[in-house]
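Student: I should like to learn how to read a protein model, one feature at a time. Where should one begin?

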Amino acid sequence: SKARKDGVCCSVGNHILFLDADDRLMENACERLLEAYTEKSADIIQFAAYINACNGIGKNKVDEVEEYLCPCCEEISIEKVQDLCFRIGSLSHSLWGKMFDGDICRKSFRYVSDEKMVMAEDLYAYFIISVFSQTYAGISDKLYWYNYGAGITGEARDFYESFEHNSKQLSVASRCSEFIE
């Protein structure tokens, strides 16, 4: 998360996209997103993803993740986005799969802690970005290739490693509370 923060804070563009190292954007992603921005002019534009199952991830899990990653293509308020993401959990809080207003993203990342976070750092950063954003739009275009099960999501762990790894997510709740205060 520190490297991501440093990159955002050094950026100068009008828009910011995030791409995980084991994934890729589709060939026309940037052009399509600029078209969508011209049409909708939203602070956050969410788009859909192709899900590529890796390391034995089953079809049921892929279908579940694909549904979770689907953007809301109806016109909704940023408050509704926050409700769907952070209370109900039916809308993705990942940073990838979205294009952000560059100025809002830079302002938001100034509040992101430099603490090393292995899990849920997307939730934390997206929470802050959503506070500073005023508009959201979703488009159904699949512009991201997500290698589900590769990278951190596919690492095999024993019970104790999993417990320790997942427990680290608790710091994110503390960081969000600190930001609100």
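The dialogue below goes from the overall fold to single residues.

Tutor: Please note at the outset that this is a predicted model. The protein has 8 helices and 5 strands. From the N terminus on, the elements run α-β-β-α-β-α-α-β-α-α-β-α-α.

Student: How much of the protein is buried?

Tutor: Buried residues make up 42% of the 181 residues. As for contacts with a separation of 6 or more, residues 24 or more positions apart account for 80% of them.

Student: How are the strands of a sheet held together, and in what order do the strands stand here?

Tutor: The general idea is that strands of a sheet pair through backbone hydrogen bonds, either parallel or antiparallel. In this structure, 5 strands form an open sheet in the order S1-S4-S3-S5-S2, with mixed pairing. Strands S1 (15-17) and S2 (24-25) stand at the edges, and each has a single partner strand, so one side of each is left without a neighbour in the sheet.

Student: Which strands pair with S3, and in which sense?

Tutor: S3 pairs with strand S4 (residues 98-101) in the antiparallel sense, over 3 bridges. There, the bridge partner of glutamine 46 is lysine 98. With strand S5 (residues 136-148), S3 pairs in the parallel sense over 9 bridges. Along this pairing, isoleucine 44 stands opposite tyrosine 136, and asparagine 52 stands opposite asparagine 147.

Student: Why is S3 described as largely enclosed?

Tutor: Of the 10 residues of S3, 7 are buried, so the strand is largely enclosed by the rest of the structure.

Student: Where is aspartate 43 found, and what does aspartate 43 touch?

Tutor: Aspartate 43 lies in the loop between helix H2 (29-40) and strand S3 (44-53). Leaving aside residues up to four places away in sequence, aspartate 43 touches Met99, Phe100, Asp101, Ile104, Ser133, Gln134 and Thr135.

Student: How far from aspartate 43 is the nearest side chain of opposite charge?

Tutor: That side chain belongs to lysine 107 and is 10 Å away; aspartate 43 is buried yet has no salt bridge. The side chain of aspartate 43 does, however, reach the backbone nitrogen of glutamine 134 at 2.7 Å.

Student: What should one know about the sign of phi, and which residues illustrate the point here?

Tutor: Most residues other than glycine have a negative phi. Serine 41 has a positive phi of about 45 degrees although it is not a glycine. Serine 41 is placed in the loop between H2 and S3, and its relative accessibility of 43% makes it partly exposed. Asparagine 55, likewise not a glycine, has a positive phi of about 55 degrees. Asparagine 55 belongs to the loop between S3 and helix H3 (59-69), and at 63% relative accessibility it counts as exposed.

Student: How many disulfides does a search of the whole structure find?

Tutor: The search finds 0 disulfides. To judge a pair of cysteines, one compares the distance between their sulfur atoms with a cut-off of 2.5 Å. The closest cysteine sulfur to that of cysteine 70 is in cysteine 73, at 7.7 Å, which is too far for a bond. Cysteine 72 is in no disulfide either, as the nearest cysteine sulfur, that of cysteine 73, is 6.9 Å away.

Student: Are cysteine 70 and cysteine 72 buried or exposed?

Tutor: Cysteine 70 is partly exposed, with a relative accessible area of 37%, whereas cysteine 72 is buried, with a relative accessible area of 15%.

Terms used: Residues numbered from 1 in each chain as written. Predicted model: local features only at pLDDT ≥ 70, side-chain atom pairs only at ≥ 80, totals over all residues. Heavy atoms only, no water. Helix = DSSP H or I, 4+ residues; strand = E, 2+ residues; numbered from the N terminus. Buried < 20%, exposed > 50% of the residue type's maximum accessible area, 1.4 Å probe, protein only. Lys, Arg positive; Asp, Glu negative; His and termini not counted. Salt bridge = Lys/Arg side-chain N within 4 Å of Asp/Glu carboxyl O. Polar contact = N/O pair within 3.5 Å; in protein donor to acceptor, adjacent residues only side chain to side chain. Contact = heavy atoms within 4.5 Å. Pairing = 2+ DSSP bridges.
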